[in-house]
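I opened this one up to see what I could find out about the ligand and what surrounds it. Here are my notes, in the order I looked things up.

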Amino acid sequence: MPVAPDLEIAFLKLYGDVELLDHCVKELAKQISDAVEVLVGAEAGGILLTHGVATATGLPCAIARKKRRPHMVSPVSVTVGTIGTPGLQELFLDDADQRLIAGRRVAVIDEVLSSGATQQAMTTLVAQAGGQVVQTLVVATEGERRADVTHLVHLPVNPSEVC
Ligand SMILES: O=P(O)(O)OC[C@H]1O[C@H](OP(=O)(O)OP(=O)(O)O)[C@H](O)[C@@H]1O
């Protein structure tokens with residue numbers, strides 16, 4: 001998909017592809033660190049993966065939502081601009097999710113890490129809830145190689161890297 005006049009990036013679509021989603025869930029679940037106590041994903045791309053990995057591992061999970069909802073009495077929030085969605089978005093963790101995360105070691109799960117903005121925002125959000133991100137897992141890293149991020153595939157954006 002185009003993200004700038006002279007740049008197109010791959011679009012990873014897990015929604016609706018049950019076989020691919022199930023495969024990614026199984027592979028990510030195998031790579032969850034023993035230190036992890038709670039899984040946290042971001043709406044929307046992280047919801048299905050986080051739920052799947054929680055089911056596979058038995059770990060509790062929380063989802064950061066992109067709109068403040070009426071049940072969120074004292075949410076924590078961050079602002080983020082991702083590479084694939086124009087404009088700024090907000091991520092919210094509700095009160096119950098903050099209690100789940102407080103004092104715990106967290107794995108953040110997402111479809112793609114591209115600019116890294118969402119990973120940084122999720123790390124900030126989890127810290128605001130009193131937790132610590134100890135692992136980030138994504139199906140695909142994109143652009144810069146990230147040895148610190150558990151990933152299943154790497155998608156280059158530089159055309160010369162594509163074979
Ligand atoms: O590394 P980054 O530049 O932050 O990009 C990665 C993020 O982009 C997508 O979210 P996005 O909010 O664009 O779309 P979604 O609501 O469909 O998940 C994806 O699900 C990641 O969360």
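Entry 1, the ligand's place. I started by asking where the ligand sits, and I found it in the largest pocket. I'm keeping in mind that this is a predicted model.

Entry 2, the neighbours. Next I looked up how many residues surround the ligand: there are 16. K66, T85, D110, S115 and T118 are the closest. I then sorted the shell by type, and got eight polar residues, five nonpolar and three charged.

Entry 3, which elements the shell comes from. I checked strand 7 (105-113) and helix 4 (117-128), and each of them supplies at least two residues of the shell. Strand 7 gives the most, with four residues.

Entry 4, polar contacts. I went through these one by one. The side chain of K66 has an N or O atom 2.5 Å from an oxygen atom of the ligand. For S114 the backbone does the job: one of its polar backbone atoms is 2.8 Å from a ligand oxygen. G116 also uses a backbone N or O atom, which lies 2.9 Å from an oxygen of the ligand. After that I looked up how covered the ligand is. On its own the ligand exposes 500 Å², and the protein buries 83% of that.

Entry 5, salt bridges. I wanted to know how many salt bridges there are, and the count is four. One of them joins E27 and K30, with the closest N and O atoms 2.9 Å apart. Side chains of opposite charge can pair when their charged atoms come close. Both E27 and K30 lie in helix 1 (residues 18-30), and they are three residues apart, about one turn of the helix.

Entry 6, an odd peptide bond. Most peptide bonds are trans. The one from E43 to A44 is cis, though, with omega near 0°. I looked up where A44 is, and it's in the loop between strand 3 (38-42) and helix 2 (45-57).

Technical notes: Residues numbered from 1 in each chain as written. Predicted model: local features only at pLDDT ≥ 70, side-chain atom pairs only at ≥ 80, totals over all residues. Heavy atoms only, no water. Near = heavy atom within 4 Å. Polar contact = N/O pair within 3.5 Å; in protein donor to acceptor, adjacent residues only side chain to side chain. Areas by Shrake-Rupley, 256 points an atom, 1.4 Å probe, with all protein chains shown as cover. 1 Å grid on protein atoms, 1.4 Å probe; cavity = no way out; pocket = protein on both sides within 12 Å on 5 of 7 lines; lining within 4 Å. Sits in = over half its atoms within 2 Å of the grid points. Nonpolar A, V, L, I, M, F, W, Y, C, P; charged D, E, K, R; others polar. Salt bridge = Lys/Arg side-chain N within 4 Å of Asp/Glu carboxyl O.
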